[in-house]
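Colleague: I would like to learn how to read this model, feature by feature. Shall we start with the strands?

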Amino acid sequence: YITGADFNELVKSPYLEGFKEKDYEVLIMLDEIDDIIMTNLYDYKGKKVKSVIKGDIKLDKTEESEQTKKKYEKLIDLMKEKLKDDVKDVRLSGRLKDSLCCLVAEEGDLDPQMEKIMKAMGQTIPGAKRILEINPSHPVIEAMNKIFEKNKQNEILAEYTSIIYDEALLLEGSKPKDPVTFAKNVTKLMVEAVKSEE
């Protein structure tokens, strides 16, 4: 299941990509109370109930995924180091197919929607760090890995890592950590793309 306020936004959510590809049904729940109910519901009529934005989801368990993990291991370590103050972990995603990245919560953590509801009710919420999942088949990750293999110290790797994290925040409905830096980085990429077309 997935919870949120806007049906059209949820249907296009990167969290659903892997499930759509496998033709798995996902409940889309739009009422604010759904977060509270679903957090405490572990099974229904013998079926295990699971949030698509929590935990490590593996829809494909193949030997290829182990090779992919090994291929990107050092790049992921670099990203973890750059984002150590913001995320609990960086890992390859089993749920993403087209999108570059997403933020997920651990199984027992509150999801972002629930955090927002509780904050709106005046509750103090301890800031739990989430996990950044990246899509290993995305061209950006492949390009970053090539840059990393040539020069681990290349400054562009830090910029890209920052942009990826901010993109993940936007996709979950939050604002970038530093909107000004995010805007500058995106503008810089646009300028570089325009120059390469000339």
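Colleague: How many bridges join E6 to strand E7, and in which sense do they run, parallel or antiparallel?

Modeller: This is a predicted model, so read pairing as the predictor placed it. E6 and strand E7 (residues 130-134) are joined by 4 bridges and run antiparallel. Take one pair as an example: leucine 103 has leucine 132 in E7 as its bridge partner.

Colleague: In which sense do E5 and E7 pair?

Modeller: E5 and E7 pair in the parallel sense, over 5 bridges. Here aspartate 89 stands opposite isoleucine 131 in E7.

Colleague: In what order do the 3 strands of the sheet lie?

Modeller: The order is E5-E7-E6, in an open sheet with mixed pairing. Strand E5 (87-92) and strand E6 (101-104) are the edge strands, each pairing on one side only. From one strand to the next, the twist averages 25°.

Colleague: How should I think about side chains along a strand?

Modeller: In a regular strand, side chains alternate between the two faces of the sheet. Then check the cover. In E7, 5 of its 5 residues are buried.

Colleague: Which helix lies across E5, E6 and E7?

Modeller: Helix H7 (residues 155-171) does, running at about 65° to E6.

Colleague: Which residues touch the most other members of the largest nonpolar core?

Modeller: Leu75, Leu132 and Ile164 do, in a core of 37 residues. Next, ask which elements feed the core. Helix H4 (63-82), E5, E6, E7, H6 and H7 each supply at least two residues. H7 gives the most, with 7 residues.

Colleague: What is leucine 132 in contact with, leaving aside its neighbours within four places in sequence?

Modeller: The partners of leucine 132 include Met79, Leu83, Val87, Val90, Cys101 and Cys102. Leu103, its bridge partner, is also among the contacts. So are Ile164 and Ala168. Charged names appear too, among them Asp89 and Arg91.

Colleague: Now a helix. Which residues are buried in helix H3 (residues 32-39)?

Modeller: Asp34, Asp35 and Met38 are buried there. Look down the axis of H3: the buried residues fall within an arc of 105°, so they line one face of the helix.

Colleague: How do I read an unusual backbone angle?

Modeller: Start from the norm. Most residues other than glycine have a negative phi. Aspartate 23 is not a glycine, yet its phi is positive, about 65°. Place it next: aspartate 23 sits in the loop between helix H2 (17-21) and strand E2 (28-29).

Colleague: Is aspartate 23 buried or exposed?

Modeller: Aspartate 23 counts as exposed because its relative accessible area is 68%, and the cut-off for exposed is over 50%.

Colleague: And glycine 4: buried or exposed?

Modeller: Glycine 4 is buried, because its relative accessibility is 8% and the cut-off is under 20%. Its place is in the loop between strand E1 (2-3) and helix H1 (7-11). Glycine 4 and alanine 143 are 33 Å apart, C-alpha to C-alpha, and 139 residues apart in sequence.

Colleague: Last point. Where is confidence lowest, and where highest?

Modeller: Begin with the whole chain. The protein chain averages a pLDDT of 86, and 91% of the residues score at least 70. Confidence is lowest in helix H5 (residues 112-120), at a mean of 69. Helix H6 (residues 139-150) is highest, at 95.

Note on methods: Residues are numbered from 1 along each chain as its sequence is written. This is a predicted model: local features need pLDDT of at least 70, side-chain atom pairs count only at pLDDT 80 or more; totals for chains, interfaces and linings use all residues. Side-chain values use heavy atoms; hydrogens and water are left out. pLDDT is the predictor's confidence in each residue, from 0 to 100. Two strands pair if DSSP finds at least two bridges between them. Axes are lines fitted to C-alpha atoms, for helices over the stretch in contact, and angles run from 0 to 180 degrees between N-to-C directions. Contact means heavy atoms within 4.5 Å. A nonpolar core is a set of buried Ala, Val, Leu, Ile, Met, Phe, Trp, Tyr and Cys residues joined through side-chain atoms within 4.5 Å. Buried means under 20% relative accessible area, exposed over 50%, partly exposed in between (1.4 Å probe, protein chains only). The arc is that of the directions from the helix axis to the C-beta atoms.
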